[in-house]
Amino acid sequence: MRQSRHLGRPAADPAAPAPAPRTATPLALAALGAGVFLLVLAPLLAWYVTPRAAVTPVDVDVTTVFTGTGSYFDTGALATRDRQRITITRHVLGDVAASEQSGRAVWDVSTTVDTPHTLPLEDPRRAFQWTTGRWVTDRRSNAPVHCCGENPSRFDGDAYLKFPFAVEKKTYRWWDDTLGAAVPLRFAGTTRLPGITGYRFTGTVPATRTGTRQVPGRLVGRPGQAQIQAEEWYANTGISLVVEERTGRIVDASISPVKTLRAPGSQHDAVVLLRARNLAFTPDTRRAQIALARADSDKLTLVGRTLPVTAGAAGGALAVAGGVLVARGGRRGGRFSAA
């Protein structure tokens, strides 16, 4: 009997092994998973982590010193001393416990104004002038916050000991503690300092009455009165602050304060209590502030730019490579056999 002949493709041999399922190697899956993770991490770092990293520190312990030449009123001699060295020292100490409890930045500030006579005493109580304050601000916006025993109780403006993060080329309202009000400081150009870019802001304070002080009448041209409530006036003929653009830290500064006494209702200064021109950061203070600003800026750059870009690039490369490896896959069982 003749064997029948099959037309077309031969039937598969039931005994032949079935094709192996396509599989991916552990390396391919690991590369794909790592790539996807990094692609998700990149925008997370840029849009979620960075804004939360840009917060005012609470564990601060910083001293800044201004020096320059000026005049001051010697109460012992009842005379104004000219061409004297004036030193302003400001110490900022963060209250970590109060900051953590309130979620705010709580800073205690001590400011002394010293003359050549008082500076060697190293005692703030014996300084020519000593003021203290307790500043409370929102850690992200730098806006004043009323809590935690702040002093002064009225505090306004955008900036005082620092500017907000991501400084813009615009006018900011800087709180002048002597004036007791905010002063507009206008953007005045970009300044290059070692390792950083600074924005300069400038402004002035016109002569403004800030209070009264009881003094002998003859001191202000009223010899017929034993004691008189003289008017205290304050001006600042030149404020110049250089601010690191990312952190808002003040890295250089100069001020020109003028404090005088006038007889009640008078339009003229009778006594110069303090007059200084261009009291500026000392070189040591400037270097220290620049170093702090660079360190803080580098951290923000790392989290907000370097890590997201690196994570995005590496994630894209790994995802593509892992996808290709998974798509190729592999077959178990070797070659197919045919009848």
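The exercises below go through the pockets, cavities, core and two buried residues of a predicted model.

Residues are numbered from 1 along each chain as its sequence is written, and side-chain values use heavy atoms, with hydrogens and water left out. Because the model is predicted, local features need pLDDT of at least 70 and side-chain atom pairs count only at pLDDT 80 or more, while totals for chains, interfaces and linings use all residues.

**Exercise 1. Describe the overall make-up of the protein.**

Step 1. Count the secondary structure: the protein has three helices and 12 strands. Helices (H or I, at least four residues) and strands (E, at least two) are DSSP runs, numbered from the N terminus.

Step 2. Take the burial: 39% of the 339 residues count as buried. Buried means under 20% relative accessible area, exposed over 50%, and partly exposed in between (1.4 Å probe, protein chains only).

Step 3. Check the sequence range of the contacts, where a contact means heavy atoms within 4.5 Å. Among contacts between residues at least 6 apart in sequence, 58% join residues at least 24 apart.

**Exercise 2. Characterise the two largest pockets.**

Step 1. Fix the terms. On a 1 Å grid over the protein atoms alone, a pocket is an open set of points with protein on both sides within 12 Å along at least five of seven lines; a cavity is a set where a 1.4 Å probe fits but cannot get out, and lining residues have an atom within 4 Å of a point. Grid points are joined across faces, edges and corners, and a volume is the space filled by probe spheres set on the points.

Step 2. The largest pocket holds about 1100 Å³ of space. Its lining has 50 residues, and Thr64, Arg90, Val92, Tyr160 and Leu161 are the closest to the centre.

Step 3. Helix α3 (residues 283-328) gives the largest share of this lining, seven residues. By class, the lining of the largest pocket has 30 nonpolar, 12 polar and eight charged residues. Here Ala, Val, Leu, Ile, Met, Phe, Trp, Tyr, Cys and Pro count as nonpolar, Asp, Glu, Lys and Arg as charged, and the others, Gly among them, as polar.

Step 4. The second largest pocket has a volume of about 330 Å³. Phe73, Thr75, Phe128, Arg213 and Leu273 are the closest to its centre among 17 lining residues.

Step 5. At least two lining residues of the second largest pocket come from each of β1 (61-74), β7 (196-216), β10 (257-262) and β11 (271-276). The largest share, three residues, is from β1. This lining divides into nine nonpolar, five polar and three charged residues.

**Exercise 3. Describe the enclosed spaces.**

Step 1. There are two cavities of 30 Å³ or more.

Step 2. The largest cavity has a volume of about 110 Å³. It is lined by 13 residues, with Thr137, Asn142, Tyr160, Leu161 and Lys162 nearest its centre. Strands β3 (105-114) and β4 (129-137) are the elements that give two or more residues to this lining.

Step 3. The second largest cavity holds about 40 Å³. Its lining includes Arg134, Trp135, His146, Glu150 and Phe155, and divides into six nonpolar, three polar and two charged residues.

**Exercise 4. Locate the largest nonpolar core.**

Step 1. A nonpolar core is a set of buried Ala, Val, Leu, Ile, Met, Phe, Trp, Tyr and Cys residues joined through side-chain atoms within 4.5 Å.

Step 2. The largest one has 27 residues, and Phe163, Leu185, Phe201, Ile239 and Leu241 have the most contacts inside it. Strand β8 (residues 227-244) supplies the largest share of this core, four residues.

Step 3. Leaving out residues up to four places away in sequence, Leu185 touches residues including Phe163, Phe201, Ile239 and Leu241.

**Exercise 5. Compare the surroundings of Arg262 and Thr118.**

Step 1. Arg262 lies in strand β10, whereas Thr118 is in the loop between β3 and β4.

Step 2. Arg262 is buried, with a relative accessible area of 9%. Thr118 is buried too, at 8%.

Step 3. Look for polar contacts (a pair of N or O atoms within 3.5 Å; within protein, one must be able to donate a hydrogen and the other to accept it, and residues adjacent in sequence count only if both atoms are side-chain atoms). The side chain of Arg262 makes one with the side chain of Asp269 (2.8 Å). The side chain of Thr118 makes one with the side chain of Asp114 (2.7 Å).

Step 4. Not counting residues up to four places away in sequence, Arg262 touches residues including Ala207, Glu231, Trp233 and Asp269. On that basis Thr118 touches Val113, Arg126, Ala127 and Phe128.
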